[in-house]
Amino acid sequence: MIGASGWDDDVVQIQQANKPGDPFVITVNCPDKAGLACDICRIILDFGLSITKGDLSTDGVWCYIVLWIVPRAAFLPISFSFLKERLQAICPPCLAPFYPIQPPSRSSPVYLLKFCCVDRKGLLHDVTKVLSELELAIQKVKVTTTPDARVLDLFFITDNMELLHTRKRQEETYERLNAVLRDSCISCELQLPGPEYENNQGISSLSPALAEELFRCDLSDNEVRSQALSPDMAKLKKTNVTLDNSLSPAHTLVQIWCADHKGLLYDIMRTLKDMNMKISFGRFSPNSMGYRDLDIFIQQKDGKKILDPEKQNAVCSRLKLEMLHPLRVIIASRGPDTELLVANPVELSGKGRPRVFYDVTFALKTLGICVFSAEVGRHSASEREWEVYRFLLDENCLFQLTSLVARNQIVDRVRRTLMGW
């Protein structure tokens, strides 16, 4: 039955867990569209949730997806109604079976949140946490610390609830921020940005040597050394991807065995979406000793199997790369200062990975490291677009930032937080 909003009430169903600790189940039953599985996995990652197992099936017209979900943190509040609303918003509505109608595409308006306050440890993450809880998505950031220990933060944000134009929503944002900033807040403003937002999407210049280390395909020396600190990193090297054309007359079977990490299914679905691969059936098995098994039946955009050996190698190589390097983390010297850089590939649709800024600032807060300045923007390299996060670290912390051991510990903690280890 179609409701007043035009949505089928059964497009998305959420069956809550019977007892604490058990997964809840999300069922999506709707007309199919290109990249739907990727979009669903992205929203689940954005809510801080983890997919324990899943099944996907489609005939190219209608899609049926079942996912078993658990929170990544026991204390994380879940708004099931809003999660359902976000998932329904990306599903194509229909008037009757097999007559899908694509909803008109629209982009959320960008707002500038600007505030000035007295600096303190963990401030940047505390603000980011509030924005995340309010479902305000960070698009770009510019953070600067002045010589008198004041911080000027510019957050360019969009509202997942599409309500930031209302006075009630704006007042709620101010109240939540003031509760965190308290007496340290000097000023706080929320407004539509000027043309400087559209004209300044890029990141400040990266040196050729820094760009090569950040975007290279193989592990850098620093990452190899950090494996001694992070045994989970060694697991990534065991990734195995194979293609099989013998089990289906119309599909190519992709078999993946790899180390588990936060957003794994999103990374796989994103890669297949960007390569114009159509998924007909997929099964995502539960975690076993830190590893996952995936079986995915795919076709090319023209509806044919992947028979060309070069295309087969391209699919395998690309999937391995995205699982080995879903995120890049390095630390470098910027003159006399120390800079942490994190990068992730941007979807061809223009969307970046969710919760990266949240996770990095959380890791730095846990380590007791203050951020002197921060910047988020886009950079083109290796024939693709990247989202780059740059953090200039404050020397006044417990870590001797010039020490190689300390730097490896910082990179290791940030990477482990991003990967959910």
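**Note on a two-sheet predicted model**

1. Helix α10 (residues 356–367) lies across β6 (136–145), β7, β14, β15 and β16, and runs at about 25° to β16. Helices (H or I, at least four residues) and strands (E, at least two) are DSSP runs, numbered from the N terminus. Angles run from 0 to 180 degrees between N-to-C directions, with axes fitted as lines to C-alpha atoms, for helices over the stretch in contact.

2. The model is predicted: local features need pLDDT of at least 70, side-chain atom pairs count only at pLDDT 80 or more, and totals for chains, interfaces and linings use all residues. Residues are numbered from 1 along each chain as its sequence is written, and side-chain values use heavy atoms, with hydrogens and water left out.

3. Some totals for the chain come next. The chain has 11 helices and 16 strands. Of its 421 residues, 50% count as buried, where buried means under 20% relative accessible area, exposed over 50%, and partly exposed in between (1.4 Å probe, protein chains only). Among contacts (heavy atoms within 4.5 Å) between residues at least 6 apart in sequence, 69% join residues at least 24 apart.

4. One open sheet has eight strands in the order β8-β5-β7-β6-β15-β16-β14-β13, with antiparallel pairing. Two strands pair if DSSP finds at least two bridges between them. At the edges stand β8 (185–191) and β13 (328–334); each has a single partner strand, so one side of each is left without a neighbour in the sheet. From one strand to the next the twist averages 25°.

5. Within this sheet, β5 (residues 111–118) and β7 (residues 150–159) pair in the antiparallel sense over eight bridges; Y111 has I157 in β7 as its bridge partner. β14 and β16 also run antiparallel, joined by eight bridges, and N344 stands opposite E387 in β16. Between β15 and β16, again antiparallel, there are 10 bridges. E375 has R390 in β16 as its bridge partner. The hairpin of β15 and β16 has two residues between the strands, and S382 there takes a positive phi near 55°.

6. How much of β16 is buried? Nine of its 10 residues are, so β16 is largely enclosed by the rest of the structure. Besides α10, helix α5 (residues 208–215) lies across β16 (384–393), as well as β13, β14 (337–345) and β15 (371–381); α5 runs at about 160° to β13.

7. A further open sheet of eight strands has the order β1-β2-β4-β3-β11-β12-β10-β9, with antiparallel pairing. Its edge strands, β1 (12–15) and β9 (240–244), each pair on one side only. The twist here averages 20° from one strand to the next. β2 and β4 pair in the antiparallel sense over eight bridges, with F24 opposite I69 in β4. Helix α2 packs on the sheet and touches β1, β2 and β3, its direction making about 150° with that of β1.

8. Helix α1 (residues 36–46) has 11 of its 11 residues buried, so α1 is largely enclosed by the rest of the structure. α1 lies across β2, β3 and β4 and runs at about 20° to β4. Its buried residues pack against β2 (24–31), β3 (49–58), β4 (62–71), α2 (80–90) and α8 (264–274). After α1 comes G48, with a positive phi near 75°.

9. In soluble globular proteins, nonpolar side chains tend to be buried together. A nonpolar core is a set of buried Ala, Val, Leu, Ile, Met, Phe, Trp, Tyr and Cys residues joined through side-chain atoms within 4.5 Å. The largest nonpolar core has 48 residues, and those with the most contacts inside it are I256, I268, M269 and I296. α1 gives the most to this core, with eight residues. Not counting residues up to four places away in sequence, M269 touches A37, C38, C41, I279 and I296. A second, separate core of 45 residues includes L177, A363, V376 and V411.

10. How many disulfides are there? With a disulfide taken as a pair of cysteine sulfur atoms within 2.5 Å, the count is zero. For C41, the nearest cysteine sulfur is that of C38, 7.1 Å away; C41 is buried, at a relative accessible area of 5%. The closest cysteine sulfur to that of C91 is in C30, at 3.9 Å, too far for a bond. C91 counts as buried, at 0% relative accessibility.
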